[in-house]
Amino acid sequence: MKLVRYGDTGHEKPGLMDGDTLRDLSGHIDDIHGATLDDATVDKLRAIDPATLPAVDGNPRIGPCVGNIGKFLCIGLNYSDHAAEQGLPIPEHPILFFKANSAIVGPNDDVVMPRGSRRTDWEVELGAVIGKTCKYVSKADALDYVAGYCIINDVSEREFQQNLTGQWTKGKSCDTFGPTGPYLVTRDEIEDPQALDMSLSVNGQRMQTGNTATMIFSVAEIIEHLSQLFTLHPGDVISTGTPPGVGDGMNPKTYLKVGDVMELDIAGLGTQRQEVKQDA
């Protein structure tokens, strides 16, 4: 299934895609969040004949595909070709940083650069959403704990990230720096999360072209590693790293400007589109 949250910010309703038709799920669940991502609930939703659900009229805003996200976990330098473009060594273990939940917005909402930003950058990433409590799991079992997958744009302010002293979180957590969705695609629809083409364009020019096959640490390995450190809960989201082509890796370095439009795609997971604005 392709699960969707639609409506005004903070008032999203649950829905699912029936082909190209958005249908309302609010008669069956209150929202798409940790409490409704368990296998039993997802199986019940899958058993519903979509034609029996009300079609949603008009063209509503699409919100983040998961509501009330618990932890927003991000993995850095997780593509061998991206590490190479940054001139950095392959990490021995997954590099973990957190993104503030206040960064989370819908897949087509504006990305707003903070005051003083001159080095805001793009990063298309595969998101994995946890569906059940996960602690000390093995790589072999890890994907059974995934409810589904989505697209994430890990927007990053490189000056804040690299030069404001401290960890990467400062440059990763600005408001609107976490577009998520449009769909939460349940894991049964993704045969192999390590075989997904992905791309990002700015103003129609392709910047990133990659495939999840070049991840240093697979989704299963990331979940195994993180679950040895702390409990992963339903509704936690893991953003798994970006392929090459970020602006900070170009020569000359290239960053976003007001009016730029980013378009993101991951095979089977839909598309995102954001226009860049600037905080007053």
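The buried residues of helix α6 pack against β4 (72-76), β5 (95-98), β9 (124-130), α3 (139-142), β10 (146-153) and β16 (237-239) in this predicted model. Helix α6 also provides the largest share of the largest nonpolar core, 5 residues. Elsewhere, an open sheet of 5 strands shows mixed pairing, and the structure holds 0 disulfides.

**Helix α6**

- Helix α6 spans residues 219-229, and its buried positions are Val-219, Ala-220, Ile-222, Ile-223, Leu-226 and Ser-227.
- Viewed down the axis of α6, these buried residues lie within an arc of 160 degrees, so they line one face of the helix.
- Apart from neighbours within four places in sequence, Ile-223 is in contact with Ile-130, Cys-134, Val-137, Ala-142, Val-146, Leu-232 and Ile-238.

**Nonpolar cores**

- The largest nonpolar core comprises 44 residues, of which Ile-223 and Ile-238 touch the most other members.
- At least two residues of this core come from each of β4, β7 (111-113), β9, β10, β14 (197-202), α6 and β17 (261-266).
- The contribution of α6 to this core, 5 residues, is the largest share.
- A second, separate core contains 24 residues, among them Leu-53, Ala-147, Cys-150 and Val-237.

**Cysteines**

- No disulfides are present, the count being 0.
- Cys-65 takes part in no disulfide, and the nearest cysteine sulfur, that of Cys-150, is 4.0 Å away.
- This separation does not qualify because a disulfide requires the two cysteine sulfur atoms to be within 2.5 Å.
- Cys-150 is likewise in no disulfide, its nearest cysteine sulfur being that of Cys-65 at 4.0 Å.
- Cys-65 counts as buried, at 0% relative accessibility.
- Cys-150 is also buried, with a relative accessible area of 0%, and belongs to the second core.

**The open sheet**

- The 5 strands of the sheet follow the order β7-β18-β17-β14-β15.
- Strands β7 and β15 (205-211) form the edges, each pairing on one side only.
- From one strand to the next, the twist averages 20 degrees.
- Strands β17 and β18 (residues 270-278) run antiparallel and are joined by 6 bridges.
- Within this pairing, Leu-264 stands opposite Gln-272 in β18.
- Strands β7, β14 and β17 of this sheet are among the elements that each supply at least two residues of the largest nonpolar core.

How values were computed
Residues are numbered from 1 along each chain as its sequence is written. This is a predicted model: local features need pLDDT of at least 70, side-chain atom pairs count only at pLDDT 80 or more; totals for chains, interfaces and linings use all residues. Side-chain values use heavy atoms; hydrogens and water are left out. Buried means under 20% relative accessible area, exposed over 50%, partly exposed in between (1.4 Å probe, protein chains only). Helices (H or I, at least four residues) and strands (E, at least two) are DSSP runs, numbered from the N terminus. The arc is that of the directions from the helix axis to the C-beta atoms. Contact means heavy atoms within 4.5 Å. A nonpolar core is a set of buried Ala, Val, Leu, Ile, Met, Phe, Trp, Tyr and Cys residues joined through side-chain atoms within 4.5 Å. Two strands pair if DSSP finds at least two bridges between them. Axes are lines fitted to C-alpha atoms, for helices over the stretch in contact, and angles run from 0 to 180 degrees between N-to-C directions.
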